[in-house]
Amino acid sequence: MAQLTVRNVTAQVVDALRRRAAANRRSAEAEHRAILRDVLLAEGAAFADRARELRSRLRSSVDSVETIRADRDRDGSG
């Protein structure tokens, strides 16, 4: 198994890691491994689910066609 060294980590990040580890009843090292595993080895389906959820949150009720037409009419370029 390989080893990984992370340098120049702020105290704020280290404190957050320790708090998260304590909340999950793991050592900081085990929490670090879990974070790396979860983020880097996330399955494609999980990514697709997150992307779908983000798209739904970003969806706008504004009709861009109407906005563009109004701008063109206002500017006299339509």
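# Chat about helix α2 and its surroundings

Modeller: Let's start with α2, which has 13 residues and reaches 18 Å from its first C-alpha to its last, close to the 18 Å expected at 1.5 Å a residue. Keep in mind that this is a predicted model.

Colleague: Noted. Which residues are buried in α2?

Modeller: Ala30, Glu31 and Ala34 are the buried ones in α2. They cover an arc of only 100 degrees around the axis, so they sit on the same side of α2.

Colleague: Why would residues a few places apart point the same way?

Modeller: An α-helix has 3.6 residues a turn, so residues three or four places apart point the same way.

Colleague: And what covers the buried residues of α2?

Modeller: The cover includes α1.

Colleague: What about the face of α2 turned away from the buried side, which exposed residues does that carry?

Modeller: Glu29, Val39 and Leu40 are the exposed residues there.

Colleague: Stay on Glu29 for a second. How far apart are Glu29 and Leu17 in sequence and in space?

Modeller: They are twelve residues apart in sequence, and the C-alpha to C-alpha separation is 9.0 Å. Glu29 itself lies in helix α2 and has a relative accessible area of 55%. It counts as exposed because the cut-off for that is over 50%.

Colleague: What does the Glu29 side chain meet in a salt bridge?

Modeller: Arg33, with 3.0 Å from N to O. Both residues lie in α2, four residues apart, about one turn of the helix. Arg33 is partly exposed, with a relative accessible area of 44%.

Colleague: How many salt bridges does the count come to?

Modeller: Eight salt bridges.

Colleague: Give me one outside α2. Where does the Arg57 and Glu53 pair sit?

Modeller: That pair is in helix α3, which covers residues 44–58. Arg57 and Glu53 are four residues apart, so about one helical turn separates them. Their side chains meet in a salt bridge at 2.8 Å, N to O. Arg57 counts as exposed at 57% relative accessibility, while Glu53 counts as partly exposed at 37%.

Colleague: OK. Which residues do salt bridges with shared partners join into one network?

Modeller: Arg20, Arg26 and Glu31 are joined into one network that way. Within it, Arg26 forms a salt bridge with Glu31, and their closest N and O atoms are 2.7 Å apart.

Colleague: Is Glu31 buried or exposed?

Modeller: Buried, with a relative accessible area of 0%. Its partner Arg26 is partly exposed at 35%.

Colleague: Switching to the surface. Which residues make the nonpolar patch?

Modeller: Leu4, Val6, Val9, Val13, Leu36, Val39, Leu40 and Leu41 make a nonpolar surface patch of about 770 Å².

Colleague: Which helix gives the most to the patch?

Modeller: Helix α2, residues 28–40, gives the most, with three residues. As for Val13, its place is in helix α1, residues 11–23. Val13 counts as partly exposed, at 47% relative accessibility.

Colleague: Now backbone. Which sign of phi do most residues other than glycine have?

Modeller: Most residues other than glycine have a negative phi.

Colleague: And what is phi for Asn8?

Modeller: Positive, about 60 degrees, although Asn8 is not a glycine. Asn8 is in the segment before α1, and it is exposed, with a relative accessible area of 80%.

Colleague: What about Arg25, where does that one lie?

Modeller: Arg25 lies in the loop between α1 and α2. Its phi is near 55 degrees, a positive value in a residue other than glycine. Arg25 counts as exposed at 79% relative accessibility.

Colleague: Which residue takes a positive phi just after α4?

Modeller: Gly76, with a phi of about 75 degrees.

Colleague: Last one. How far apart are the end C-alpha atoms of α4?

Modeller: They are 16 Å apart. Helix α4 covers residues 64–75, and at 1.5 Å a residue its twelve residues should span 16 Å, so the model agrees with the expected value.

Note on methods. Residues numbered from 1 in each chain as written. Predicted model: local features only at pLDDT ≥ 70, side-chain atom pairs only at ≥ 80, totals over all residues. Heavy atoms only, no water. Helix = DSSP H or I, 4+ residues; strand = E, 2+ residues; numbered from the N terminus. Expected span 1.5 Å × (residues − 1). Patch = residues over 30% accessible without salt bridge, like charges linked within 9 Å, V, L, I, M, F, W, Y side chains within 5 Å. Areas by Shrake-Rupley, 256 points an atom, 1.4 Å probe, with all protein chains shown as cover. Salt bridge = Lys/Arg side-chain N within 4 Å of Asp/Glu carboxyl O. Buried < 20%, exposed > 50% of the residue type's maximum accessible area, 1.4 Å probe, protein only. Arc of directions from axis to C-beta. Contact = heavy atoms within 4.5 Å.
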